[in-house]
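Dear colleague,

I am passing on the structure we spoke about, and below it you will find my notes on how some of its parts pack. Please read them with the coordinates open.

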Amino acid sequence: MFFSSKKESTESGTENTTPVAPEPMPAPDVSAQKPVEQKIIMPETQSQVAQEQEPVEQKIIMPNTQPASTSSSSFISEPLERPVYNPMPTRLETTSQIIETPLNTESLPKIEDVWFSDLYFTPEKVAYVHDKKSSFGLKVFEAEDLMDFHKALEEGFQGSSSYSLRFNESLYRVERIKTISGIHYTVRRMPKNVPDVYQLGMPEILVNHLTSLNKATGLILLCGPTGMGKTTTATALLKYFLENEGGFAYTIEDPPEMPMDGLYMSKKGGLGLCKQTEVINNNWEVGLRSALRSKPRYILVGETRTAETAAELLRAATSGHLVISTIHANNLEDGLTSLIKYAAASGMNEELASDLLARGILGVIHQKLTGTVKLMPTLHYCFANPDPMEADQMRMVIRDGKINLATLMEAQMAKMIQGRPLFVKV
């Protein structure tokens, strides 16, 4: 609201223009209010008022305006306080923001003495491991022989981006990556011994069914995301077969991960023999064909990742072998569908691929590890009757080409929880 000027006539006949404040707003009880002294600051006095203010305070002078509140006649507002926003950086520009002082390597443990699963070695030669506080968080890893380990990683590279490395007493699986800032290494430490399949955290009744397949022929397929323990489960199961039944096992891996190569004394008195082979130039199918010509009882294919491998895998599963393999998939149905699509991409008819899978499948398991400090498997599974001559719902679903195992999976899980056998032996 602006002030108005009221014209008054003087005795001399001239007009005197004097600025006056507008009449106050009507109130319910005007007499009860105390008179308020109104100070009017003319525009020409604003500079004087501003000079009287302290330099550190910012006051706003509003000429020719009336304050919003009638309880105060001052035209100078109070200093405004605004919060200062200083966001934290979402990305650390240099490793010096994490490590500010030189490392005293004399007081650090050796790599062999510290447990970790995966290690990330950056081009700046800084190593990171899981922080064990969250699901995915990392922390800086320090060890006395860390630079010796990095040198071994560089010397172990022979042209293939994936390779195995033995450092001191441990075996590591290495993935060498060329980034925009240099060479990065992702390193996974392999167990020194293949674990017992009953010590993997899976329900005992599920393990009992898996181990009961020791005399069957066909395919056991393990699917899930990367780094979820599929290879560990497959290798532990193969070890159980060798220690209980004996026989010859042939593995095709890229690179070999678990220490499986060697002789095993079976509980039935015979021997078990395992030979691990490494894929050359990503030719999985060549290694698998070589395995079939070697007349093994068991075949372990580390990963089904090419069309030719999938086609040879289905042929092996229907030719009298017990085959164990892994594949990347989000669920059971995706795992089986991907295997069929892979095989069809090799030139095999899709109907033939579905028929071979239906005849050869023994079971499919989806595995995912959850937890922070201790990882435990979350499992979904579905099995076919080990007797291929018996009618089986899972085989029928696969042949039809519309793979939906939800109902069958729930029924089988309920049977296992109740301790009932999945299939009745006649």
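In this predicted model, helix α5 passes helix α6 in a left-handed crossing. The axes of α5 (residues 284-293) and α6 (residues 307-317) come within 8 Å and cross at roughly 20°, and because an angle under 35 degrees counts as roughly parallel, the two helices are described as roughly parallel to each other. On the α5 side the residues that meet the partner helix are W284, E285, L288, R289 and L292, and on the α6 side they are E308, T309, E312, L313 and A316. By class, this contact of α5 with α6 has five nonpolar, one polar and four charged residues.

Helix α6 also packs against α7, at an angle of about 105° and with the axes 7 Å apart, which makes α6 roughly perpendicular to α7. From α6 the contact draws on A307, A310, A311, L313 and L314, while α7 supplies L339, Y342, A343 and A345. Sorted by class, the residues of the contact of α6 with α7 are nine nonpolar, with no polar and no charged ones. You may want to look at L313 in particular, since this residue of α6 is listed both in the contact with α5 and in the contact with α7.

Turning to helix α9 (residues 393-400), M394, R395, V397 and I398 are buried there. Seen down the axis of α9, these buried residues fall within an arc of 160°, so they line one face of the helix. On the other side of α9, M396 and D400 are exposed. What do the buried residues of α9 pack against? Their partners are the helices α7 (332-345), α8 (350-360) and α10 (406-417), together with the strands β15 (361-370) and β16 (376-383).

The last item is a charged residue in a loop: E257 lies between β10 (247-253) and β11 (262-265). Is E257 buried or exposed? Its relative accessible area is 9%, and because buried means under 20%, E257 counts as buried. Leaving aside neighbours within four places in sequence, E257 is in contact with L171, R173, M190, T231 and Q276. Of these partners, T231 is 26 residues away from E257 in sequence, and the two are 8.3 Å apart in space, C-alpha to C-alpha.

With best regards

Conventions
Residues are numbered from 1 along each chain as its sequence is written. This is a predicted model: local features need pLDDT of at least 70, side-chain atom pairs count only at pLDDT 80 or more; totals for chains, interfaces and linings use all residues. Side-chain values use heavy atoms; hydrogens and water are left out. Axes are lines fitted to C-alpha atoms, for helices over the stretch in contact, and angles run from 0 to 180 degrees between N-to-C directions. Helices (H or I, at least four residues) and strands (E, at least two) are DSSP runs, numbered from the N terminus. Angles under 35 degrees count as roughly parallel, over 145 as roughly antiparallel, 65 to 115 as roughly perpendicular and the rest as oblique. A crossing is left-handed if the near helix is turned anticlockwise from the far one by less than a right angle, and right-handed if clockwise. Contact means heavy atoms within 4.5 Å. Ala, Val, Leu, Ile, Met, Phe, Trp, Tyr, Cys and Pro count as nonpolar, Asp, Glu, Lys and Arg as charged, and the others, Gly among them, as polar. Buried means under 20% relative accessible area, exposed over 50%, partly exposed in between (1.4 Å probe, protein chains only). The arc is that of the directions from the helix axis to the C-beta atoms.
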